[in-house]
Amino acid sequence: MFEHVVIGFGVRAALAGHARSRPGEETGGILIGHPDGATLRVTRASPPGPNALHRRFRFSRDTRYLQRYLDEVVDRTDAQEDYVGEWHVHPALDTLPSCVDRRSLWRIARRTNYATDSPVLVIVEESPPERRVRAYGFEVHPRRVWSELPVTYQSAAAGSAENGES
Ligand SMILES: [Zn+2]
């Protein structure tokens with residue numbers, strides 16, 4: 001389990017933009033980054049994709065779009081950057097990972113076709129004018145666990161070389 005999540009400057013801006021673009025609805029996508037010891041560095045957040053479904057309390061992602069997005073980043077970075085988890089916007093404060101969210105992240109942790117055994121779910125709690133960004137780690141070995149992880153942001157200056165487009 002990671003101990004800490006660092007969110008890149010460009011990722012923070014991208015998540016804020018996605019949250020604003022779907023007021024009152026759930027939205028989401030995938031996170032790309034790399035481990036750095038016990039720290040997970042998130043360097044990109046994908047868009048939801050054109051065929052994602054958005055509802056007040058439900059979101060289903062555009063899997064084909066996300067797979068293409070991921071393949072493209074992995075190719076372009078020589079696999080230095082890969083899939084690290086998911087992001088969701090929940091249109092309320094204090095909305096922990098739902099039952100469906102937890103099952104889905106544990107499934108990702110278990111499956112070998114994802115690049116990580118310790119996926120992270122970043123939840124943007126969007127309730128204008130308030131916005132909170134929280135992160136949760138998931139693992140299935142030796143048993144299914146999840147816990148909230150502290151989040152810090154990379155400053156624009158420190159991250160300029162690393163920030164991808166969103
Ligand atoms: Zn969710």
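In which sense, parallel or antiparallel, do β7 and strand β8 pair, and over how many bridges? In this predicted model, β7 and β8 (residues 130-139) pair in the antiparallel sense, and they do so over eight bridges. The points below begin with the sheet to which these two strands belong, turn to the helices that pack on it, and end with two single residues.

**The sheet**

- Eight strands form an open sheet with mixed pairing, and their order across the sheet is β9-β8-β7-β6-β2-β3-β1-β10.
- The edges are taken by β9 (145-149) and β10 (151-153), each of which has a single partner strand, so one side of each is left without a neighbour in the sheet.
- From one strand to the next, the twist averages 30°.
- Strands of a sheet pair through backbone hydrogen bonds, and the pairing can be either parallel or antiparallel.
- Within the pairing of β7 with β8, which is antiparallel, L121 has Y136 of β8 as its bridge partner.

**The helices**

- Helix α1, which covers residues 9-21, has 13 residues and reaches 19 Å from its first C-alpha to its last, a value close to the 18 Å expected at 1.5 Å a residue.
- Helix α1 packs on the sheet, where it touches β1, β2 (27-36), β3 (39-45), β6 (82-90), β7, β8 and β10, and its direction makes about 55° with that of β3.
- The buried residues of α1 are G10, V11, R12, A14, L15, H18 and A19.
- An α-helix has 3.6 residues a turn, so residues three or four places apart point the same way.
- Helix α2, made up of residues 63-76, lies across β2, β3 and β6, and runs at about 25° to β2.

**A buried residue, F2**

- F2 is found in the segment before β1 (4-7), and it counts as buried because 23 other C-beta atoms lie within 10 Å, where 20 or more are needed.
- Leaving aside residues up to four places away in sequence, F2 touches A38, T39, L40, S118, V120, G137 and L149.
- F2 and Y136 are 134 residues apart in sequence, yet their C-alpha atoms are 9.4 Å apart in space; Y136 is also the bridge partner of L121.

**An exposed residue, R111**

- R111 is found in the loop between α3 (99-110) and β7 (120-127), and it counts as exposed because it has 11 C-beta neighbours inside 10 Å, where the limit is 12 or fewer.
- R111 and A16 are 95 residues apart along the chain, and their C-alpha atoms are separated by 30 Å.

Key
Residues numbered from 1 in each chain as written. Predicted model: local features only at pLDDT ≥ 70, side-chain atom pairs only at ≥ 80, totals over all residues. Helix = DSSP H or I, 4+ residues; strand = E, 2+ residues; numbered from the N terminus. Expected span 1.5 Å × (residues − 1). Contact = placed C-beta atoms within 7 Å. Pairing = 2+ DSSP bridges. Axes fitted to C-alpha atoms, helices over the stretch in contact; angles between N-to-C directions.
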